[in-house]
Amino acid sequence: MVFLLKSYLKGEVKISGSKNAFFPAVGAGIALGAKVIRIRNTPLVRDVHVMLEIISELGGWYSINDKNEIVIYAEELSPQTIDRETFSKIRGGVVIFGALLARFGKAHIPFPGGCKIGKRPIDQHIKAARSLGFYVEEEPDGVKAHGDIKGTKISFDIKTVTGTENAILMAIRSEREVEIHNYAREPEVQELIKYLERYGVRFMMDENTLVVDPRYRKHVDEVDFELIPDRIEAGTFIICAASTEGKVKIKNVISEHIGKVIEKMKEAGVKIRVDNNEIEVEGCRNYEPLHVIADSYPDFPTDLQPQLTVMLMKAKGKSVIEERVFPERVSHVYELMKMGANIEVSGNKIIIYPSELHGGEVVEAKDLRSAASLVIAGLTADGGPTFIRNFEIIERGYENFLGKIQKLGAKFYVEEREGMKDVSYPA
Ligand code: EPZ
């Protein structure tokens, strides 16, 4: 449990490597048949550690150094059945499906888990495997697939990020070009494309279709990837700075990856200065109301919808966020209401009215991004401290979050947890 007090954030913060670009990097290494997979700029967050546990279960091993570099030794990897409990802790692990199919022509995975933000089926991943000609068996607890690639075309019914990553990975086994229609274009998918291009896989793309040509891929023993900065962490700090009326310089950001976020912040009246890979944010007391659509890239990211919900309570009028990716991603709304938020949920719309949040309440984080939104709420609420239960869930995806906000002047106190190490938050 963490106790937060109203604070104004000021100073500089450096963004860590992207959590969601880590999983496809592991997948790319496996699919390319590498014995050694080196991944630099890895955020040392809980979901990354779970992925490494999955790798160990598959017969690999790994090392981590103090420069955020992870080396996976994948020579002994085999497509064995993975423990259900481990696999169900994260979503990103699902890329193992495509990676093992590419490397061994077979895979057996339990259903993935991850944040509980609505239905998260894998029917599109299965569709991709079947479209390529793999024989797929759906079991009560997971999916088993084997075979060789005969198909050359995948058409997704909806845009799916990890589904597209899996399709690209599976295509690496093909002896012909593979077309992927209606693919997701999130920066993490674009990074996967870059990882593979580096080792000879060719790609052609337009807005709707991605063509993977793996025929010229290099057979290498070792691959080396560097992760891009985490765009969702960067967006979280932008919104946090704006909400607390702070002034924060955010370093190590690729601003094109958060183009829509910057656009919407400017529209609300947040002062934003972009300078190469740095963004300076200056907040103020009230903002213009917004209408935001949270949808696939390049639209506003769903992973910043809960954080934006908090900021929009400082708007001068009614704002609306349409959540088109995970319409059930509203757990934060009900927690914010306990703090005085005047919000309504209507279908996939979150309607936010100007509200003064008050502290002294106990709220509960149900998933990673709602934890971030509740922190922002706690830092902006008047009165006594805000208590966030299950706050630890933030460690799934934000590296040293408390250390970073403490350096920016956030006032908080962490209650000792049983079995928790003495955490020190470097100033
Ligand atoms: C990725 O999840 C991210 N996770 C999520 O990050 C992110 O919220 C999401 O993309 C959307 O941007 C990782 O990259 C590890 P989807 P993913 O498949 O791939 C439906 C975070 O906080 N769908 O693009 O699981 C699905 O229900 C997280 O870091 C199907 O119906 O998301 C959703 O409505 C959480 N069938 C929509 O598609 C499928 O087979 C998009 O989901 C697959 C998805």
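**Exercise 1. Classify Asn 182 by burial, then place it and describe its backbone.**

Asn 182 is buried, because its relative accessible area is 17% and buried means under 20% (exposed is over 50%, partly exposed in between; 1.4 Å probe, protein chains only). Next, the location: Asn 182 lies in the loop between β10 (178–181) and α7 (187–197). Helices (H or I, at least four residues) and strands (E, at least two) are DSSP runs, numbered from the N terminus. Last, the backbone: phi of Asn 182 is positive, about 60 degrees, although the residue is not a glycine. Most residues other than glycine have a negative phi.

The model is predicted: local features need pLDDT of at least 70, side-chain atom pairs count only at pLDDT 80 or more, and totals for chains, interfaces and linings use all residues. Residues are numbered from 1 along each chain as its sequence is written, and side-chain values use heavy atoms, with hydrogens and water left out.

**Exercise 2. Find where Glu 245 lies and give its phi.**

Glu 245 is in the loop between α8 (231–243) and β14 (247–251). Its phi is positive, about 60 degrees, and Glu 245 is not a glycine.

**Exercise 3. Identify the peptide bond between Tyr 297 and Pro 298.**

Start with omega: the value is about 10 degrees, and the bond is cis. Most peptide bonds are trans. Then locate the proline: Pro 298 is in the loop between β17 (291–294) and α10 (305–311).

**Exercise 4. Describe the surroundings of the ligand.**

Step one, the site. The ligand sits in the largest pocket. A pocket is an open set of points on a 1 Å grid over the protein atoms alone, where a 1.4 Å probe fits, with protein on both sides within 12 Å along at least five of seven lines. To sit there, more than half of the molecule's atoms must lie within 2 Å of the grid points.

Step two, the shell. There are 25 residues around the ligand, each with a heavy atom within 4 Å of it. Thr 160, Thr 162, Asp 303, Val 325 and Arg 369 come nearest. By class, nine are nonpolar, seven polar and nine charged. Helices α1 (19–31), α5 (123–131), α6 (161–171) and α12 (368–380) each supply at least two shell residues.

Step three, the oxygen contacts. The side chain of Asn 20 has an N or O atom 3.2 Å from a ligand oxygen. For the side chain of Arg 120, the distance is 3.1 Å. Gln 124 uses a backbone N or O atom, at 2.8 Å. Taken alone, the ligand exposes 830 Å², and the protein buries 89% of that.

**Exercise 5. Explain why α6 is largely enclosed, and find its N-terminal cap.**

Ten of the eleven residues of α6 are buried, so the rest of the structure largely encloses the helix. The buried residues include Thr 162, Glu 165 and Met 170. The cap is Thr 160: a side-chain oxygen lies 2.9 Å from the backbone nitrogen of Gly 163.

**Exercise 6. Give the side-chain partners of Arg 329 and Ser 16.**

Arg 329 lies in the loop between β18 (319–323) and α11 (331–338). Arg 329 is buried, at 4% relative accessible area. A polar contact of 2.7 Å joins its side chain to that of Thr 302. Such a contact is a pair of N or O atoms within 3.5 Å; within protein, one must be able to donate a hydrogen and the other to accept it, and residues adjacent in sequence count only if both atoms are side-chain atoms.

Ser 16 lies in the loop between β2 (10–14) and α1. Ser 16 is buried, at 7%. Its side chain makes a 2.7 Å polar contact with that of Glu 399.

How values were computed: Areas by Shrake-Rupley, 256 points an atom, 1.4 Å probe, with all protein chains shown as cover. 1 Å grid on protein atoms, 1.4 Å probe; cavity = no way out; pocket = protein on both sides within 12 Å on 5 of 7 lines; lining within 4 Å. Nonpolar A, V, L, I, M, F, W, Y, C, P; charged D, E, K, R; others polar.
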